[in-house]
Amino acid sequence: MAESDDVVLRADNVTKSFGGVTAVDGVALRARKGTITAVIGPNGADKTSLFNVLTGFDQPDTGEVVLYGRRIDREPAWKIARRGMVRSFQTPVGFPLLSVWENLMTAGADQSESLWSAVFRRSRWTRQERELASRADRLLDEIGLGAVKDQRLEDLTAGQTKLVDFARLMMVQPQMVLLDEPAAGVAPSGIGKLSEQVSDMRARGITLLIIDHNIQFVFAVSDYVYVMAEGRVVVSGTPGEIAEHPTVAEIYLGSAT
Ligand SMILES: Nc1ncnc2c1ncn2[C@@H]1O[C@H](COP(=O)(O)OP(=O)(O)O)[C@@H](O)[C@H]1O
Ligand SMILES: [Mg+2]
């Protein structure tokens, strides 16, 4: 029963308890290369807790998490990020006093540079910095934040802050991206741009796992959907299958706002 090679992220039997109370409860999921997989479900379904154990921000009690064929469930978050899997947070973090553009530049790319070239080939440094700067400019234009790029992050709306957080992740050119409610609080025009961006990432072979409450957004962009309730995956399928599933309407629409 060989698993197909296109599984980038695999989780099996992932369980996490807090103070003796089971939160994430035996979750299994797959994210395939160059696809968008969504995790939906009501508030408190443990979606964010699941992201935490997938990305090393928390350790699961049982189960395994495998990225590109390698067990990562005992690795620290920083190491997982350096393996090319990055995540956003439901409530974004950033540098409030820095400009939007500067926030992106702090995320810069991990381009190794020898001491030799740093000292003796200064022009190469500036070329790299120019490349990062133009990447930041392009990302901000594409996501519709070009006009506010010189404003301090603290002066932006919550929705704009989410888009900055997304663009900051894109600066590191990741292979696998987990987004925790990227559309929450974002204006409709911003959601359109976000949809274009994630679809474009998929076309470039990047693998995405997205939690979101915005069902229109989720169904429009995703290839496969997992529905969580009370820490478990209760149903999974294509957006078409999920949209028509009676249990989903009951579980999800019954308690989500
Ligand atoms: N570190 C923690 N300690 C204790 N309880 C936690 C912790 N993290 C999450 N929880 C609990 O897990 C439940 C689900 O939270 P969460 O994963 O944020 O759900 P969702 O993202 O689906 O809305 C919440 O009731 C929360 O209290
Ligand atoms: Mg959450």
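This dialogue walks through the surroundings of two ligands in a predicted model.

User: Which residues are around ligand 1, and how does the shell divide by class?

Analyst: A shell is read by listing the neighbours and then sorting them by class. Around ligand 1 the neighbours are Phe18, Pro42, Asn43, Gly44, Ala45, Asp46, Lys47, Thr48 and Ser49, and by class they comprise three nonpolar, four polar and two charged residues. Helix 1, residues 47-54, supplies the largest share of this shell, namely three residues.

User: Which polar atoms of the protein lie close enough to ligand 1 to count as polar contacts, if the cut-off is 3.5 Å?

Analyst: One looks for pairs of N or O atoms within 3.5 Å. A polar side-chain atom of Lys47 is 2.8 Å from an oxygen atom of ligand 1, a polar side-chain atom of Thr48 is 2.9 Å from an oxygen atom of the ligand, and for Ala45 it is a polar backbone atom that lies 3.1 Å from a ligand oxygen. Ligand 1 taken alone exposes 560 Å², of which the protein buries 54%.

User: What are the protein donors of the magnesium ion, ligand 2?

Analyst: A metal site is read from its donor atoms, which here are OG1 of Thr48 and OE1 of Gln90, lying 2.1 to 2.3 Å from the magnesium ion. Because Thr48 lies in helix 1 and Gln90 in the loop between strand 6 (85-87) and helix 3 (100-107), the pair ties together parts that are 42 residues apart in sequence.

User: Are Thr48 and Gln90 buried, partly exposed or exposed?

Analyst: Partly exposed covers the range between under 20%, which is buried, and over 50%, which is exposed. Thr48, at 26% relative accessibility, therefore counts as partly exposed, and Gln90, at 36%, counts as partly exposed too.

Definitions and conventions:
Residues numbered from 1 in each chain as written. Chains lettered and ligands numbered in written order. Predicted model: local features only at pLDDT ≥ 70, side-chain atom pairs only at ≥ 80, totals over all residues. Heavy atoms only, no water. Near = heavy atom within 4 Å. Polar contact = N/O pair within 3.5 Å; in protein donor to acceptor, adjacent residues only side chain to side chain. Areas by Shrake-Rupley, 256 points an atom, 1.4 Å probe, with all protein chains shown as cover. Helix = DSSP H or I, 4+ residues; strand = E, 2+ residues; numbered from the N terminus. Nonpolar A, V, L, I, M, F, W, Y, C, P; charged D, E, K, R; others polar. Donors = N, O, S within 2.8 Å, 3.2 Å for Na, K, Ca; no water. Buried < 20%, exposed > 50% of the residue type's maximum accessible area, 1.4 Å probe, protein only.
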